[in-house]
There are 2 protein chains.
Amino acid sequence: MEPVEERTRAEGPERGQLLDARKAAILEAVVSEYIGTAQPVGSQLIAQSPGIRVSSATVRSEMVALEHEGFLVQPHTSAGRIPTDKGYRFFVDHLADPGVLGPAQRQKVSRFFEQVHGEMEEMLERTSGLLSDLTSYAAVVVGPSHTTASVRSVQLVGLGPRLALLVVVLSDGAVEKRSVDFSVDVPEEDLRAAGAHLHQVANGRELGHVGPFGTTGDPDVDAVVAQAAAAFAALGRDEEGEQVFVGGPSRLAVAFDAVDTVRSVLSILEQQLVVVTLLRDVLDRGLSVAIGAEHGFEALSSCAVVVAPVSIEGHEAGAVGLLGPTRMDYGHALAAAQVVGQRLGERLGATLEAGGPGRSTGARRTGGRTGRRARMRGDERAGT
Amino acid sequence: MEPVEERTRAEGPERGQLLDARKAAILEAVVSEYIGTAQPVGSQLIAQSPGIRVSSATVRSEMVALEHEGFLVQPHTSAGRIPTDKGYRFFVDHLADPGVLGPAQRQKVSRFFEQVHGEMEEMLERTSGLLSDLTSYAAVVVGPSHTTASVRSVQLVGLGPRLALLVVVLSDGAVEKRSVDFSVDVPEEDLRAAGAHLHQVANGRELGHVGPFGTTGDPDVDAVVAQAAAAFAALGRDEEGEQVFVGGPSRLAVAFDAVDTVRSVLSILEQQLVVVTLLRDVLDRGLSVAIGAEHGFEALSSCAVVVAPVSIEGHEAGAVGLLGPTRMDYGHALAAAQVVGQRLGERLGATLEAGGPGRSTGARRTGGRTGRRARMRGDERAGT
DNA sequence: GGCTGGCACTCGGTAGAATCGACTGCTAAG
DNA sequence: CTTAGCAGTCGATTCTACCGAGTGCCAGCC
């Protein structure tokens with residue numbers, strides 16, 4: 001109604017984002033208290049907390065102001081106050097101490113990355129478990145997309161008289177495969193010849209950009225090549241997406257007490273494409289935390305998402321994230337995500353350390369985020 | 001107290017498992033009603049249901065008997081009755097109509113298996129989604145173990161001067177890989193030579209039983225072979241287990257209203273080894289349904305598990321399962337699991353249809369179920 | 001002017017009493 | 001053996017009273 005009135009009533013030179021020191025201290029106290037207890041916090045409790053040197057009456061009037069400015073809300077008239085998304089946002093941006101992992105946890109992380117072995121998928125999956133363990137929140141790990149990796153080897157392996165497997169090894173160590181069903185028997189030599197030809201043509205190219213495959217002169221072999229080419233194209237289409245690993249989804253059932261919330265958040269996590277988009281969006285906006293409605297997902301409005309990039313030798317290769325209630329322990333979550341993301345990047349980099357120039361095709365992400373695909377696990381229906 | 005009394009009171013020649021027709025009809029009515037409404041069901045409702053031609057008083061006295069025999073319980077004195085695990089068991093064994101999928105669902109299944117494409121993992125994953133969609137319960141799909149498949153191809157692909165990828169193709173179309181880090185630069189020819197040698201030695205053997213690898217005469221190549229052999233061994237160790245795919249876990253949050261139950265069931269599903277063991281156990285005991293405490297898992301005591309085998313050309317290759325509350329729609333769930341399991345087996349078989357004799361190494365499972373490993377997704381802690 | 005103590009007020013949560021109603025078990029009659 | 005009738009049980013619901021945490025406001029103090 002009277003925005004001017006509103007603005008003059010607020011004191012000091014703040015412009016929307018700024019709060020004077022005392023308000024900030026009170027807001028911080030409210031947020032940390034609420035994060036700890038999940039109970040609306042009242043003025044008296046705040047007045048007693050260290051760092052606040054005024055009476056509860058003063059705290060009350062400050063709280064009224066904070067409520068007007070949208071940092072706090074009262075669930076009902078005679079209750080304490082709880083932070084709004086904006087309140088958490090201010091807390092995260094200005095107040096929370098950087099957040100450090102305890103020595104025990106640091107050690108756990110170190111030991112994990114020393115011991116972890118196996119191929120990328122396995123490592124990413126384990127990492128999602130680690131992150132979830134560290135924080136008690138659900139964790140997601142998004143692996144690098146293979147779109148920029150180049151083909152290092154192509155092979156056709158016969159599995160039967162009329163069936164073969166197209167095996168493609170990429171420069172980043174990923175292996176893609178696709179079965180090819182010839183309707184007629186194909187002799188082993190033709191298979192081998194076709195494989196060699198495919199290798200010649202595709203080697204060094206990016207998976208999405210192989211072909212045309214030309215001819216070999218031998219029509220039998222060419223027939224095989226043609227079939228395999230189709231499989232190649234299908235590979236390029238299907239495997240363009242990132243893989244998503246979710247760790248500790250059961251943690252959601254601890255973080256939220258409403259079974260409805262659990263259900264809707266779980267069903268979001270089942271749609272891997274959505275998860276990838278979500279993390280990407282947050283990172284693209286230069287954030288490491290998205291609170292409540294800050295990301296566009298209705299179903300996640302009671303969640304906060306903490307994201308950290310995973311970069312392999314300087315180029316962004318994926319992301320790790322945490323999903324918890326808005327009243328999550330941001331300091332800890334940020335620290336954990338950040339450390340794990342970084343260590344994971346280093347670890348993945350180290351595996352490729354001995355890699356040649358093929359690896360550094362690292363063209364930066366093109367930035368567009370439409371058309372991305374991810375392997376779906378679970379329901380594929382677009383959310384309800 | 002007086003077992004003889006007990007036994008003589010019951011009529012007819014039953015011995016523990018059998019019930020006379022009227023008791024059975026009443027039990028069936030109680031179970032189906034309870035499955036539908038989740039409310040304790042009283043004698044009056046049963047007396048009205050079609051097929052029951054006696055008064056509520058008679059129903060009551062029969063219910064007393066059924067309670068004595070352990071098929072029903074009363075949550076409290078003045079409430080109706082609900083089935084016990086034993087009650088569900090009898091229902092499943094004797095009463096439930098075979099259960100048929102509706103035409104729409106049959107069609108959905110058919111269309112799914114016509115359209116589904118991609119490699120095994122993807123297909124299994126999608127299948128778990130399908131099954132969950134059909135039934136509204138959480139679904140699990142366990143893929144075949146590779147232990148009986150033989151090696152069809154071995155290749156060493158250089159990813160960098162000192163790094164290579166060992167790529168092993170198995171007769172069932174699976175591809176296993178492992179990166180090998182030589183501490184010195186290895187020329188391309190040595191890699192190729194070592195790869196060829198490995199292929200020679202391993203081809204046709206089972207993954208767990210390759211080696212020893214002998215020598216090639218060239219010490220440089222032998223060094224590479226030795227490193228790769230270690231990777232081979234690691235593969236054999238790691239990839240012995242089945243893969244597990246969970247579809248629609250969010251359905252658990254619909255089926256159960258206690259958030260605690262949701263949490264504990266979810267955390268079971270996170271431990272893939274446990275899931276494999278569970279399904280195996282049930283199948284090994286010749287069952288297709290395990291109700292409540294029938295499987296040994298405390299955390300799943302409020303669940304029922306429906307299992308159907310997936311067999312590829314006669315030999316057991318995996319399983320599909322459904323996880324829901326004990327008051328699940330058994331008829332529908334059984335039908336869905338059975339159909340999907342069978343179709344999946346046929347579909348997987350069709351892919352290998354053109355396969356040669358290598359495929360039919362199908363030695364039956366050895367039956368032991370210790371030492372099995374599964375890729376873990378999520379937490380790895382042994383249950384709480 | 002800003003801070004504080006005091007006070008009236010609000011309102012969710014809890015406890016207890018009354019009521020309701022869906023069951024049951026029992027019994028006596030058909 | 002079945003059935004109608006009846007007394008009894010006990011969870012669920014509603015209502016009331018009450019408590020207490022917490023608020024907003026105000027008058028007085030520094």
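# Helix crossings, twin chains and two DNA strands

User: At what angle do helix 7 of chain B and helix 13 of chain B cross, and how far apart are their axes?

Analyst: The two axes come within 10 Å and cross at roughly 160°, with helix 13 spanning residues 330-351. Axes here are lines fitted to C-alpha atoms, for helices over the stretch in contact, and angles run from 0 to 180 degrees between N-to-C directions. A helix is a DSSP run (H or I, at least four residues), a strand likewise (E, at least two), both numbered from the N terminus. Please note that this is a predicted model, where local features need pLDDT of at least 70 and side-chain atom pairs count only at pLDDT 80 or more, while totals for chains, interfaces and linings use all residues. Residues are numbered from 1 along each chain as its sequence is written, and chains are lettered from A and ligands numbered from 1 in the order in which they are written.

User: Why are helix 7 of chain B and helix 13 of chain B called roughly antiparallel?

Analyst: Angles over 145 degrees count as roughly antiparallel, under 35 as roughly parallel, 65 to 115 as roughly perpendicular and the rest as oblique. The crossing is at roughly 160°, so these two helices are roughly antiparallel to each other. Their crossing is right-handed, meaning that the near helix is turned clockwise from the far one by less than a right angle; anticlockwise would be left-handed. Helix 7 of chain B brings B:Met120, B:Thr127, B:Leu130, B:Leu131, B:Leu134 and B:Thr135 to the contact, while helix 13 of chain B brings residues including B:His332, B:Ala336 and B:Leu348.

User: What makes up that contact, by residue class?

Analyst: It has 10 nonpolar, three polar and no charged residues. Ala, Val, Leu, Ile, Met, Phe, Trp, Tyr, Cys and Pro count as nonpolar, Asp, Glu, Lys and Arg as charged, and the others, Gly among them, as polar.

User: What makes helix 2 of chain A roughly perpendicular to helix 4 of chain A?

Analyst: Their axes come within 10 Å and cross at roughly 90°. That angle makes the pair roughly perpendicular. A:Arg22, A:Lys23, A:Ile26 and A:Leu27 of helix 2 meet residues of helix 4, among them A:Val59 and A:Glu62. This contact has six nonpolar, no polar and three charged residues.

User: Why are helix 8 of chain A and helix 9 of chain A oblique?

Analyst: These helices, residues 188-202 and residues 219-238, pack at an angle of about 60°, with axes 9 Å apart. Helix 8 and helix 9 of chain A are therefore oblique to each other. Helix 8 of chain A passes helix 9 of chain A in a right-handed crossing.

User: How do you know that the two chains are related as by a two-fold rotation axis?

Analyst: A rotation of 180° with 0.0 Å of shift along its axis superposes chain B on chain A, with an RMSD of 0.2 Å (least squares on C-alpha atoms of residues with pLDDT of at least 70 in both). The copies are thus related as by a two-fold rotation axis. In chain B, the C-alpha of B:Val259 is nearest the axis, 2.8 Å from it.

User: How do you know that the copies meet through the same surface?

Analyst: Residues are in contact if their C-beta atoms, placed from the backbone, lie within 7 Å. By that rule, 53 residues of chain B are in contact with 53 residues of chain A. Elements giving two or more residues to the side of chain B that touches chain A include helix 7 (120-135), strand 4 (151-160) and helix 11 (259-270) of chain B. That side has 17 nonpolar, 18 polar and 18 charged residues. Since 98% of the interface residues of chain B are also interface residues in chain A, the copies meet through the same surface.

User: Which residues come nearest to DNA strand C, and which to DNA strand D?

Analyst: A residue is near a strand if its C-beta atom, placed from the backbone, lies within 6 Å of it. Of the 18 residues around DNA strand C, A:Val54, A:Thr77, A:Ser78, B:Gly42 and B:Ser43 come nearest. Around DNA strand D there are 19 residues, with A:Gly42, A:Ser43, B:Val54, B:Thr77 and B:Ser78 nearest. Helix 4 of chain B gives the most to the surface near DNA strand C, four residues. For DNA strand D, the largest share, four residues, comes from helix 4 of chain A.

Conventions. Two residues are in contact if their C-beta atoms, placed from the backbone, lie within 7 Å.
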